[in-house]
Amino acid sequence: MRLAAVLTAALAVPAVAGAQPISPSPAVEEFDENISAMIFAAGQLVIQARVCGGDEKVGHEVRRFVATRARQCAAADPRLKEVVDHMDSAFDSMLRNADATIERRGKQAICALYRSADLQVEVATALQMGTQLATDAGRERIGRLPCPAKD
């Protein structure tokens with residue numbers, strides 16, 4: 001199996017067992033997509049640091065900023081509780097999946113994939129986004145993420 005396929009399988013964000021779909025509101029769906037992309041980016045930063053050497057703290061800090069903003073919005077709008085719950089479980093699950101893959105394939109093999117030209121576009125984009133979110137301007141962007149308008 002090619003390493004790209006292994007990475008894809010290991011880093012996929014699984015659906016939460018028993019989770020009901022969130023409200024079909026376009027505003028909530030957009031918020032969920034934004035939060036999910038940022039959480040995926042944070043997870044990629046952690047995994048890359050874990051396998052290639054680096055500071056995992058950067059990815060965990062991005063996650064913390066995103067989670068804080070999501071919880072602020074959820075406090076004002078109960079429709080977002082599921083978004084927040086999914087965000088937490090998806091991040092944790094992504095790291096567990098990555099750890100299992102690292103154990104099977106080894107850090108060097110996974111790091112080589114992160115450094116290769118074969119890196120999936122989604123992962124490369126997430127790493128770029130995560131790097132941007134880890135800056136002061138990125139943290140400001142997270143803090144300004146608009147909460148969905150109530151229908």
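**Two buried residues and a core**

Visitor: Is Tyr114 buried or exposed, and what is its relative accessible area?
Guide: Tyr114 is buried, a label given under 20% relative accessible area, with exposed over 50% and partly exposed in between (1.4 Å probe, protein chains only). This is a predicted model, where local features need pLDDT of at least 70 and side-chain atom pairs count only at pLDDT 80 or more, while totals for chains, interfaces and linings use all residues. Residues are numbered from 1 along each chain as its sequence is written, and side-chain values use heavy atoms, leaving out hydrogens and water. For Tyr114, the relative accessible area is 5%.

Visitor: Which helix gives the most residues to the largest nonpolar core?
Guide: A nonpolar core joins buried Ala, Val, Leu, Ile, Met, Phe, Trp, Tyr and Cys residues through side-chain atoms within 4.5 Å. This one has 39 residues, and Phe31, Ile35, Val66, Met87 and Tyr114 touch the most other members. At least two residues come from each of α2 (26–52), α3 (57–76), α4 (81–105), α5 (107–115) and α6 (121–133), helices being DSSP runs (H or I, at least four residues) numbered from the N terminus. With 13 residues, the top contributor is α2.

Visitor: How far apart in space are Tyr114 and Gln48?
Guide: Tyr114 sits in helix α5. In sequence, 66 residues separate Tyr114 from Gln48, yet their C-alpha to C-alpha distance is 6.9 Å.

Visitor: Which residues is Asp77 in contact with, leaving aside neighbours within four places in sequence?
Guide: Asp77 lies in the loop between α3 and α4 and is buried, at 5% relative accessible area. Counting heavy atoms within 4.5 Å as contact, the partners of Asp77 beyond those neighbours are Pro148 and Lys150.
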